[in-house]
Amino acid sequence: MEKVEKVTKRVDLSKYGLKDVKANWNLDAETLQNITIQQGMGTETENGTLCVNTGKFTGRSPKDRFLVKDEYTVDKVWWGRINKGISPENFDKLHKAVVGYLSGKELYVRDAAVCADPRYQMNVRTITEYPWSNYFIKNMFLRLDEKELENFEEEWLVLCAPGYICPDPKESGILSGNFSVLNFTKKIALVGGSAYTGEMKKGIFSALNLILPTEKEVLPMHCSANVGEAGDTAIFFGLSGTGKTTLSADPERKLIGDDEHGWTADNTIFNFEGGCYAKAIDLTEEKEPDIYKAIRPGALLENIVFKKGTKEVDFFDSSITQNTRVSYPIEHIDNIQVPSFAKNPKNIFFLTCDAFGVLPPVSKLTPGQAAYHFISGYTAKVAGTEAGITEPVPSFSACFGEPFMPLHPTVYAEMLSKKMTEAGVSVWLINTGWSGGPYGVGSRIKLKYTRAMISAILEGELDRVEYDAHPIFGLYMPKYCPGVPTEMLDPMNTWLQKGAYISKTIQLAHSFHINFDKFASQASEEIMAGGPLIDSHHGLDDHF
């Protein structure tokens, strides 16, 4: 574990209203780990990795996220269920309360940055109540050299006070004692009442998702990305459980990043972060070798459980939460792109785990279809494992990251369409879910087949095959793919009963239409035409 004293431009924290504080600036990982353990806030695994428990909150609390509604945001933000407004006056109340709470305490300051492309780098100063919250930021944001630290001026400030619970939520315009608030005018991210570290990470991600498209003409994306030896970049969108991390980790390609990226006007894809924040539940060395090997001193494990009487992590124990996590510097991964950006985006993959078993395992999308499926952000979840409950549940998250998107989803979708058209990018829908029937009847598509499809695309093999259009979704299905059984490529071929397939496909198509209704008023004709065709089709049996 590195231990380096870095030259830091220390400032008087009273400029932020913080009084009588002892400030620890840019402490190295080993020191932060020792302080965390000395304060009884963490333990170590058998190999010396720090473990902490985030307390009441083991995930983000979307209902407690607010954006200050002022002159800067009022006409830009897509206000509603996701983006809830709070007045500048109520923000000031919360801000004053947090500053008062943190005053007189020992605090931990981290000067870091986001956005690996130097043209868009944004300096962020984070002040935390807990040492291990600071450790997380050290892992996740871009680490700066001595010269950058010496001349550091922050653009955004993060104040993180997990121990502060707002005593009068209603009077402060919030719902609960905990809160996560972004003020774009004052450039402050305020986190109170929750120790879940992801609130800080996703707060700054949300800020970038408004700033980059409106001020910099950069498309922010909730995705992973890698680059091949020929310099071709691939982008992977997908919700939890679809294989985003697994499929972007390719021994033949260098990882740019695993979660948040920007796409510039000159077709550079850059990582926002300097680390990875991976799910650790059910982790095995065989399934996820890169993540498994990254869990070593310098990493931070959250909410894990040890095997009884040992310091060995039981990755299969979800007694605290299903959302066990590990953060680590991206350098803990062997095969990475340095620095974390690359040009020449060639292929975009939308990953979906379709538990209905009706979507093709691989299909090529038109620009309109790409925008429609991007806005939809579809995957499916299995309802449960109790006897008799086998029906999947559709799950939609706009732009594959709706909770972090301040603008209307069509803004991001139209930017994506424009960029993919200008750059000549191909967009593919990859179903990592079921084939031969829905969950409980069919079987999960084998990882080796999905990898074969991705490889065939990256190597240009699917540029030279014929395609059939799916009669209901309109997706273009290849008739041949190396390393994949041909009968799998058209999903209807894998079902025993054609009528059951048609019925299930129509059911899913209706779910898409119902979900898309809330976006339809601002979607172009091309985007609307990219959806399932059931509204305009008659006599569907004729097409099968």
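Which strands does helix α2 (residues 88–102) lie across? In this predicted model, helix α2 lies across β4 (65–68), β5, β6 (106–114), β8 (156–161), β9 and β10. The helix runs at about 60 degrees to β8. A second helix, α3 (residues 131–140), also packs on the sheet. Helix α3 touches β6 and β7 (122–128). Its direction makes about 10 degrees with that of β6.

The sheet beneath these contacts is open and has eight strands. Their order is β1-β6-β7-β8-β10-β9-β4-β5, and the pairing is mixed. The edges are formed by β1 (22–25) and β5 (84–86). Each edge strand has a single partner, so one side of each is left without a neighbour in the sheet. Neighbouring strands are turned by 25 degrees against each other on average, direction ignored.

Within this sheet, strand β9 (residues 179–183) and strand β10 (residues 188–192) run antiparallel. Five bridges join the two strands. Leu-182 stands opposite Ala-189 in β10. The loop between β9 and β10 holds Lys-187. Lys-187 is not a glycine, yet its phi is positive, at about 55 degrees. Most residues other than glycine have a negative phi.

A further open sheet has five strands, in the order β2-β3-β17-β18-β16. Its pairing is also mixed. Here β2 (42–44) and β16 stand at the edges. Each has a single partner strand, so one side of each lacks a neighbour in the sheet. The twist averages 25 degrees from one strand to the next. Strand β16 pairs with strand β18 (residues 325–329) in the antiparallel sense, over five bridges. The bridge partner of Cys-276 in β18 is Tyr-328.

The loop between β18 and β19 (341–343) contains Pro-339. A cis peptide bond joins Val-338 to Pro-339, with omega at about -10 degrees. Most peptide bonds are trans.

The domain assignment divides the protein chain into domain 1 (17–218 + 275–332) and domain 2 (221–263 + 344–530). Each domain is therefore listed as two sequence segments. The C-alpha centres of domain 1 and domain 2 lie 30 Å apart. Contact between them involves 27 residues of domain 1 and 26 residues of domain 2. Together, the two domains bury about 2200 Å² between them. Of this area, 60% is on carbon and sulfur atoms. Trp-78, Phe-205 and Asn-209 supply 29% of the area that domain 1 buries against domain 2. No other three residues supply more.

Polar and charged pairs also link the two domains. Between domain 1 and domain 2, 13 residue pairs are in polar contact. The count of salt bridges between domain 1 and domain 2 is five. In a salt bridge, the side chains of Lys-201 and Glu-260 meet at 3.1 Å, N to O.

Which elements give two or more residues to the side of domain 1 that touches domain 2? They are β4, α5 (198–216), β16 (275–279) and α7 (289–294). The largest share of this side comes from α5, which gives eight residues.

Methods. Residues numbered from 1 in each chain as written. Predicted model: local features only at pLDDT ≥ 70, side-chain atom pairs only at ≥ 80, totals over all residues. Heavy atoms only, no water. Pairing = 2+ DSSP bridges. Helix = DSSP H or I, 4+ residues; strand = E, 2+ residues; numbered from the N terminus. Axes fitted to C-alpha atoms, helices over the stretch in contact; angles between N-to-C directions. Contact = heavy atoms within 4.5 Å. Buried area = accessible area lost by both parts, 1.4 Å probe. Salt bridge = Lys/Arg side-chain N within 4 Å of Asp/Glu carboxyl O. Polar contact = N/O pair within 3.5 Å; in protein donor to acceptor, adjacent residues only side chain to side chain.
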